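Q: Could we go through the salt bridges and the pockets of this model together?

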Amino acid sequence: MSAAPLAIRFGTLHDNLGEPKRNGVLVLEGTRVARVQTSEAALPEGARTIEAACVVPGLINAHAHLEGSGEPQTMAVFVLTTPTQRALACAANARKALTAGVTAMRDLGSTERLAIDTRDAIAAGTIEGPTVVAAGRAVCMTGGHGWFIGRQADGESEVRKAVREQLRDGADCIKFIATGGVLTKGAVPGIAQLDEAELRAGIEEAHKHGLKCAAHAIGTSGIKNALRAGIDSIEHGHLVDDEAIALLVERGTYLVPTLAAIRCVLDPGDDAGMPDYVLRKAREIAAHAEANLRRAREAGVRFAGGSDAGTPFNYHDGYAYELELMQSMLGMSAHEALRATTVGSADLLGIERGTLGPGDVADLIVLRSDIDADLRAFRDPEVVVKSGRIASSSR
């Protein structure tokens with residue numbers, strides 16, 4: 001027996017299809033939006049009705065790590081825990097993300113097949129969580145950033161083989177490490193790691209099989225290596241320069257700024273338990289990131305939303321903070337931040353999400369107030385609907 005229709009009577013609907021709609025009813029049937037109608041029109045027979053101040057599409061976190069739970073020492077997690085423990089963390093974090101309004105996400109690096117298996121368990125209904133697009137193990141140079149969750153590879157042929165291994169294991173996309181990073185001891189964010197030829201070989205192999213590619217790239221030279229090699233998205237991009245910005249615009253490549261990843265390291269202060277090298281590198285990046293990323297936005301670079309959830313103090317149920325930082329650090333309006341974290345992320349991931357028109361997948365959030373008044377409305381969603389079904393409700 002099919003579920004009864006769901007009718008959401010809204011004050012404001014941000015459907016990402018034009019100007020916000022006011023004082024109507026959004027009708028869901030099955031897994032999709034059936035129609036938007038005036039509040040005076042007859043509702044479907046037997047429909048369940050929800051009163052909503054504001055309705056928005058479900059959020060999409062295009063950069064997350066389900067194995068991480070915000071621990072202060074990321075590398076230690078993978079040394080001191082078992083795969084079973086991390087699999088349980090994946091399930092718990094998926095549920096937390098969904099409850100917070102994240103109805104889809106891209107996991108950009110996990111050990112073993114954990115993110116891939118979590119994706120499949122969610123799709124099968126075994127556990128609850130967002131729709132997951134999974135990269136499998138990140139491809140990095142030997143000893144490179146993230147080696148403890150990565151597939152270490154050196155040279156073009158080895159990088160191609162690493163891509164094929166992720167394809168074999170069921171990956172939806174491929175993650176490459178183009179520069180050093182903050183959380184790996186000894187890795188310098190400004191220094192390139194996989195070189196342009198290695199990246200091109202891996203990207204060509206992935207694209208041949210229909211897989212999009214993301215590059216962890218903080219430093220300038222690594223960003224440009226990845227762009228020239230044909231990458232689909234730059235992750236972080238904090239030290240981007242004018243030449244790289246021009247390449248991003250020319251190629252239409254997405255930039256996922258992961259603003260929360262740096263702020264969540266710096267906000268807790270020096271006594272929160274993070275290694276000194278993490279704090280030092282985060283401070284060095286933060287000194288330049290805001291100005292660089294603002295220039296990228298002003299130049300017309302396409303942004304998608306991703307928080308790097310799972311990194312220190314950067315929790316899976318805290319994606320609202322990323323939207324707030326898009327507004328405060330990059331100067332985005334509330335609607336721009338919403339579009340980046342819905343339409344932009346959906347386009348990058350290659351999934352049909354982000355809008356709420358007739359026929360669209362019914363992933364949405366009911367909020368207590370309009371986001372145009374205050375983006376902090378995302379911090380406490382009242383109801384989360386995924387594929388037409390109520391996944392979480394505080395009522």
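Q: Which residues are linked in a network of salt bridges?
A: Arg 160, Arg 164, Glu 204, Glu 205 and Lys 208 are joined in such a network. A salt bridge here is a side-chain nitrogen of Lys or Arg within 4 Å of a carboxyl oxygen of Asp or Glu.

Q: What should I know about the model and the numbering?
A: This is a predicted model, in which local features need pLDDT of at least 70 and side-chain atom pairs count only at pLDDT 80 or more, while totals for chains, interfaces and linings use all residues. Residues are numbered from 1 along each chain as its sequence is written, and side-chain values use heavy atoms, with hydrogens and water left out.

Q: Back to the network: what is the N to O distance between Arg 164 and Glu 205?
A: Their side chains meet in a salt bridge at 2.9 Å, N to O. Arg 164 lies in helix α4 (residues 156-169) and Glu 205 in helix α5 (residues 196-208), so the pair ties together parts that are 41 residues apart in sequence. Helices (H or I, at least four residues) and strands (E, at least two) are DSSP runs, numbered from the N terminus.

Q: And Glu 205, buried or exposed?
A: Glu 205 counts as buried, at 1% relative accessibility, whereas Arg 164 is partly exposed, at 44%. Buried means under 20% relative accessible area, exposed over 50%, and partly exposed in between (1.4 Å probe, protein chains only).

Q: How many salt bridges are there by this rule?
A: The count comes to 34. One of them joins Arg 389 and Glu 128, at 3.0 Å from N to O. Arg 389 is in strand β17 (residues 389-393) and Glu 128 in the loop between α3 (114-124) and β7 (131-134), so this pair ties together parts 261 residues apart in sequence.

Q: Changing topic, what is the volume of the largest pocket?
A: It is about 190 Å³. On a 1 Å grid over the protein atoms alone, a pocket is an open set of points where a 1.4 Å probe fits, with protein on both sides within 12 Å along at least five of seven lines; lining residues have an atom within 4 Å of a point. The volume is the space filled by probe spheres set on the points, which are joined across faces, edges and corners.

Q: Which residues lie nearest its centre?
A: Of the 14 lining residues, these are Ala 3, Ala 4, Gly 30, Gly 388 and Arg 389. Strands β2 (21-29) and β17 each supply at least two residues of the lining.
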